[in-house]
Structure formats: C-alpha cells, structure tokens
Amino acid sequence: MSIIVRQVSKKFGSFQALEQINLEVKKGSLVALLGPSGSGKSTLLRAIAGLEKPDSGSIIINGRDTTNLDIRQRNIGFVFQHYALFKHLTVRQNIAFGLEIRKHGRKGIKDKVEELLGLIQLQGLGERYPAQLSGGQRQRVALARALAVQPEVLLLDEPFGALDAKVRKELRAWVRRLHDEVHLTSVFVTHDQEEAMEVADEIVVMNQGRIEQVGTADEIYDHPATPFVMSFVGDVN
Ligand code: ADP
Ligand code: MG
C-alpha cells in the first residue's frame, strides 16, 4: 500500500502550516518525517490519517483518493505520544478497544488480542493495568492496540518522546520489527535526527511547512540539499 500526498496545503488562520506538499511513501517502507517543532510534521501526519482536512490537494492511499474519507475508513493505525492507554482498562481490554464484537465475535477478539500480546512479547501481562507497566511496556501495548484493526498503514507521532534514551532505543527496534513482520507502510514523526536515521528507510526533512529534502540517512547526511538540512542534520553528535 503506498501513500501519495499531492499538492497538499493547509492554513490555520493566516499561518501556512503546509505549503504544496508532494510526497510518496512506497508500499512496505518506513519513512520518518524529521524537522524542528512547528515545521508541520504533525499536521501532515494528521492529514494522512484523515484527522485534518487539507485546504487543497489530495491524499491517495493504495490508489484510492481518501481526501474526503475519515480515519475509520482509511485502515490506519495510529500511535501518538499523548494518546495514552485507558487507565481503567487492562492491557487486554486496551488492545481490544478498537475491535467490534459485531465484526469479530468474542472468540475472534480473544484470539486476536492473544496474538498481539505474543507479537509484543507481553503474554503474561494481559490482566495488568497501565499503571502497573513500565513506560516502554506501555508503548508496546499502544503499538499492539494500533495494530489490532490490522491496518496496512501505521502512523506514529513522536510516540516515545516522553521516555528516556535507552527505552526509546528499544522501542525503535520494536517499531522496526513490527513494521517488517506485519508488512506495514509506516510514517514516523520525530524531531530527533538520530531517531530518524536509525529507524527509517527514508527521511523527509521538513521546515516551515515545506519539504527540504527526501533521502536515505546517508544521502541526507552526506549530501544535504539545502543550508537548512545542513545545519539541522549537522547537529548530530
Ligand atoms: P510539528 O508537528 O512539526 O511540531 P505542527 O504540524 O504541529 O508542527 O504545527 C505546525 C504549525 O501549525 C505550528 O506553528 C502550530 O502552532 C500550527 N498549528 C498546528 N495545528 C494548529 C491548529 N489546530 N490551530 C492553529 N495552529 C495550528
Ligand atoms: Mg508535532
């Protein structure tokens, strides 16, 4: 499943948050949107998700123009930093949250949740509440919850921002593993150059609502296309 963003613009009042964005995310690839705070990363991700309607342009997912479809019609999984787990629900209940009995039946839901617990290797912890988990375990559950609906596209918006460096590193490896195992097309938003370089196949550098450069970590690091990319990516180390 590929994602094509075509000429997408978005203003908030007179502020141009996205300006004529063109981007293609190939089926099966994991792309990072990298840029400083305020550069439009979340707005672009939300537009892809159907949570933000562009003023102009279109978003084609797997050949289908989804510009006017809402998030439920796009078959997308979403993990946000602030989209926390439900505190009053167990791990199992959190993962099952988006699954409808009507569609899956009770047995189907139970099996699906068990499979996802296995995928994130938290089999023994299904009856715990979020407060009884570590930060890293909680975000693994958030990943499982996003995957419960069997999305073809996974969107992550600074999902590990609040965690310490070691845990973030582990979670990046989890994202990479799940992306590969579940055969997803994924977009990962981060303002952290190292994170983008480590996790993604391709990096999209954003600045002031525009794309400055698209390339592999090596291409961007070795051949920055603009002074902005040079200074932003050059901050590593
Ligand atoms: P990033 O995720 O790269 O930090 P955002 O996409 O969240 O950037 O925001 C880009 C710019 O658009 C910011 O200046 C932000 O204040 C503004 N913005 C985002 N959402 C809204 C909104 N709903 N209303 C007004 N301004 C917004
Ligand atoms: Mg953001």
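A residue counts as buried here if 20 or more other C-beta atoms lie within 10 Å of its own. I keep that cut-off at hand for Ala 47, which has 23 C-beta neighbours inside 10 Å and therefore counts as buried. I also note at the start that this is a predicted model.

**Entry 1: Ala 47**

I began with the place of Ala 47 and found it in helix α1. Next I looked up its contacts, leaving out residues up to four places away in sequence. Ala 47 touches Val 8, Lys 10, Glu 52, Pro 54 and Ile 59. I then checked a pair far apart along the chain: Ala 47 and Phe 228 are 181 residues apart, and their C-alpha atoms are separated by 24 Å.

**Entry 2: the helix around it**

How many of the 9 residues of α1 are buried? I get 8, so the helix is largely enclosed by the rest of the structure. The buried ones are Lys 41, Thr 43, Leu 44, Leu 45, Arg 46, Ala 47, Ile 48 and Ala 49. Just after α1 comes Gly 50, and its phi is positive, near 90 degrees.

**Entry 3: ligand 1**

I turned to the ligand with α1 still in view. Which element gives the most to the shell around ligand 1? My answer is helix α1, residues 41-49, with 3 residues. The residues surrounding ligand 1 are Phe 12, Ala 17, Gly 35, Ser 37, Gly 38, Ser 39, Gly 40, Lys 41, Ser 42 and Thr 43. Sorted by class, this shell holds 2 nonpolar, 7 polar and 1 charged residues. Lys 41 and Thr 43 appear in this shell and also among the buried residues of α1.

**Entry 4: the whole chain**

I stepped back to the chain as a whole. Its secondary structure comes to 8 helices and 10 strands. The radius of gyration is 18 Å, close to the 18 Å that the globule rule gives for 237 residues, so the chain is as compact as a globular protein of that length. Along the principal axes, the C-alpha atoms fill a box of roughly 55 × 40 × 30 Å. I find 39% of the 237 residues counted as buried. Among contacts with a separation of 6 or more, 66% join residues 24 or more positions apart.

**Entry 5: the nonpolar core**

Which residues have the most contacts inside the largest nonpolar core? They are Ala 32, Ile 48 and Leu 155, in a core of 62 residues. The largest share of this core, 6 residues, comes from helix α4, residues 135-147. I followed Leu 155 further, again not counting residues up to four places away in sequence. Leu 155 touches Leu 45, Ile 48, Ala 49, Ile 76, Phe 78 and Val 187. Leu 45, Ile 48 and Ala 49 are familiar from my list of buried residues in α1.

**Entry 6: the open sheet**

Next I traced a sheet. Here 4 strands form an open sheet with antiparallel pairing, in the order β2-β1-β4-β5. The edge strands are β2 (15-25) and β5 (64-65), each pairing on one side only. Strand β4, residues 56-61, is joined to β5 by 2 bridges, and Ile 61 has Arg 64 in β5 as its bridge partner.

**Entry 7: β9 and its partners**

In which sense do strand β3 (residues 30-34) and strand β9 (residues 202-207) pair? I see the parallel sense, over 4 bridges. Leu 34 stands opposite Val 205 in β9.

I then looked at strand β10, residues 210-215, which pairs with β9 in the antiparallel sense over 5 bridges. Val 204 stands opposite Val 214 in β10, and Met 206 has Ile 211 as its bridge partner there. The two strands form a hairpin with 2 residues between them, and Gln 208 in the turn has a positive phi of about 50 degrees.

**Entry 8: Ile 203**

My last stop was Ile 203, in strand β9. Ile 203 has 28 other C-beta atoms within 10 Å, so it is buried. Leaving out residues up to four places away in sequence, Ile 203 touches Ala 32, Leu 34, Ala 196, Met 197, Gly 215, Ala 217 and Ile 220. Ala 32 is one of the residues with the most contacts inside the largest nonpolar core. To link back to α1, I looked up Ile 203 and Leu 44, which are 159 residues apart along the chain. Their C-alpha atoms are separated by 14 Å.

Note on methods: Residues numbered from 1 in each chain as written. Chains lettered and ligands numbered in written order. Predicted model: local features only at pLDDT ≥ 70, side-chain atom pairs only at ≥ 80, totals over all residues. Near = placed C-beta within 6 Å. Nonpolar A, V, L, I, M, F, W, Y, C, P; charged D, E, K, R; others polar. Rg over C-alpha atoms; globule rule 2.2 N^0.38 Å. Buried ≥ 20, exposed ≤ 12 C-beta atoms within 10 Å, placed from the backbone. Contact = placed C-beta atoms within 7 Å. Core = buried A, V, L, I, M, F, W, Y, C linked by C-beta atoms within 7 Å. Pairing = 2+ DSSP bridges.
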